[in-house]
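Me: Please pick a single part of this protein and look at it closely. I am in my first year, so explain each term once as you go.

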Amino acid sequence: MRWEKQRITPPNSPSGEAGSAADIAGETAELDLGLSPEASWSGDRRVGAGLRLPEPVPIEAGTEDAYAIEIRAKSIINRVPGESGVPFEWTLNPYRGCGHACRYCFARNTHTYLDLDSGHDFDSKIVVKVNAGQLLRRELASPKWRGDPVAMGTNTDPYQRAEGRYALMRDILTALTERANPFSILTKSTLILRDLDLIESAAAVTDVSIAVSIGSLDEGLWRTVEPGTPAPARRLEVVRRFAESGIGCSVLLAPILPGLSDSWEHIDRTVGALVEAGAKSITPLPLHLRPGAREWYRAWLQRAYPSLVPLYARLYRDSAYAPESYRREVVELVEQACRAHGMHRESSSGARDTPKRAASETANEQLSLL
């Protein structure tokens with residue numbers, strides 16, 4: 001894929017005539033990204049967040065380079081296939097690829113659709129939909145749009161490191177609020193606190209749901225399995241701040257890693273901290289490994305915890321999911337910890353979840369884990 005045909009070309013770009021890339025996209029020639037000439041079009045083409053703009057040549061897969069690949073998307077609200085079994089119909093993703101670099105992220109394989117690899121390329125070659133806010137306003141204003149809830153963070157994290165430089169979410173949140181359109185956000189990033197003011201404004205006019213993913217409080221494990229994310233202890237502050245705001249924050253206890261974070265000690269400590277921080281609900285999600293993520297995670301496991309390779313070979317031999325019996329055991333541990341710390345998980349109908357039901361819903365409702 002020749003990404004240079006989708007890159008924004010500023011009026012004084014040395015790579016061609018003004019508006020050439022925009023003409024290909026069929027839109028206006030200029031788009032203000034808030035990037036200074038020194039930051040984005042200087043000799044080293046830095047844009048921050050550990051990224052730089054690529055040179056005006058085709059992007060090569062499998063290199064060590066870290067790029068922000070700026071594109072003008074043609075659409076921004078995506079319909080979820082009916083057979084997906086997730087509790088939302090529409091999603092919005094301002095980025096493809098994710099600098100969180102989580103070893104297990106199921107979205108990894110989507111980078112192969114771009115002729116990039118699902119390993120280091122997914123972590124370091126981040127596609128930025130620079131016209132996301134502009135495009136969202138247009139789609140929300142369409143007479144065909146019914147005002148359905150929009151889920152963000154179900155594929156890659158909208159508050160990943162690149163968002164600190166591009167700030168696309170502020171425009172996105174403003175557009176949703178202007179239309180009083182309900183939305184949800186799932187993140188692992190403390191950067192969401194930057195937009196707490198906008199989220200509070202949105203919550204005053206529409207339904208807003210916030211969730212944070214925290215799989216364990218073990219800092220040693222966090223540093224190796226989620227190297228690009230804020231520390232779990234810092235994510236607890238997100239839970240606390242949203243609880244104090246009155247909006248509330250749910251937590252995905254995710255992913256729970258076999259042999260690494262599935263012990264009673266791990267789960268009890270994490271649940272206790274989540275309850276203390278004011279989590280509105282806690283949903284346990286044992287690890288699942290889809291193609292792309294499966295290979296990348298296995299290679300990491302072989303390097304970091306080789307003694308666990310046989311366990312994973314047994315658990316994930318026939319499926320992307322661990323056996324139901326294992327998932328049920330994990331859910332039961334979380335149930336016990338919730339009760340011990342004064343929280344009782346409930347189903348949508350108000351009845352207490354049985355371990356069997358919770359394990360089944362875990363398999364059906366697992367999100368990207370970012």
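Reply: A residue counts as buried when its relative accessible area is under 20%, as exposed when it is over 50%, and as partly exposed in between, with a 1.4 Å probe and protein chains only. The model is predicted, so local features need pLDDT of at least 70 and side-chain atom pairs count only at pLDDT 80 or more, while totals for chains, interfaces and linings use all residues. Residues are numbered from 1 along each chain as its sequence is written, and side-chain values use heavy atoms, with hydrogens and water left out.

The part chosen here is strand 11, but the whole chain comes first. The protein chain has 14 helices and 12 strands; these are DSSP runs numbered from the N terminus, helices being H or I with at least four residues and strands being E with at least two. Of its 370 residues, 54% count as buried. A contact means heavy atoms within 4.5 Å. Among contacts with a separation of 6 or more in the protein chain, 75% join residues 24 or more positions apart.

Strand 11 covers residues 250-256. Where does strand 11 sit in its sheet? The sheet is open, has seven strands in the order 4-5-8-9-10-11-12, and its pairing is mixed. Its edges are strand 4 (77-79) and strand 12 (282-286), each of which pairs on one side only. From one strand to the next, the twist averages 25 degrees. Axes for such angles are lines fitted to C-alpha atoms, for helices over the stretch in contact, and the angles run from 0 to 180 degrees between N-to-C directions.

Two strands pair if DSSP finds at least two bridges between them. On one side, strand 11 pairs with strand 10 (residues 208-213) in the parallel sense over three bridges. Ala211 stands opposite Ser250 in strand 11, and Val212 stands opposite Val251. With strand 12, strand 11 also pairs in the parallel sense, over four bridges. There, Val251 stands opposite Ile282. Val251 therefore faces Val212 in one pairing and Ile282 in the other.

Is strand 11 enclosed or open to the outside? Seven of its seven residues are buried, so strand 11 is largely enclosed by the rest of the structure. Helix 10 (residues 264-277) lies across strand 11 and strand 12, running at about 165 degrees to strand 11.

Strand 10, a partner of strand 11, also helps to cover helix 7. In helix 7 (residues 196-203), Leu196, Leu198, Ile199 and Ala202 are buried. They cover an arc of only 160 degrees around the axis, which puts them on the same side of helix 7; the arc is that of the directions from the helix axis to the C-beta atoms. Besides strand 10, the cover over these residues includes helix 6 (168-178), strand 9 (183-187) and helix 9 (232-245).

Two cysteines and a loop residue add to the account of burial. Cys105 counts as buried, because its relative accessibility is 1%. Cys338 is buried as well, at 1% relative accessibility. By contrast, Tyr321 is partly exposed, with a relative accessible area of 23%. Tyr321 lies in the loop between helix 12 (309-315) and helix 13 (324-340). Tyr321 and Leu289 are 32 residues apart in sequence and 6.6 Å apart in space, C-alpha to C-alpha.
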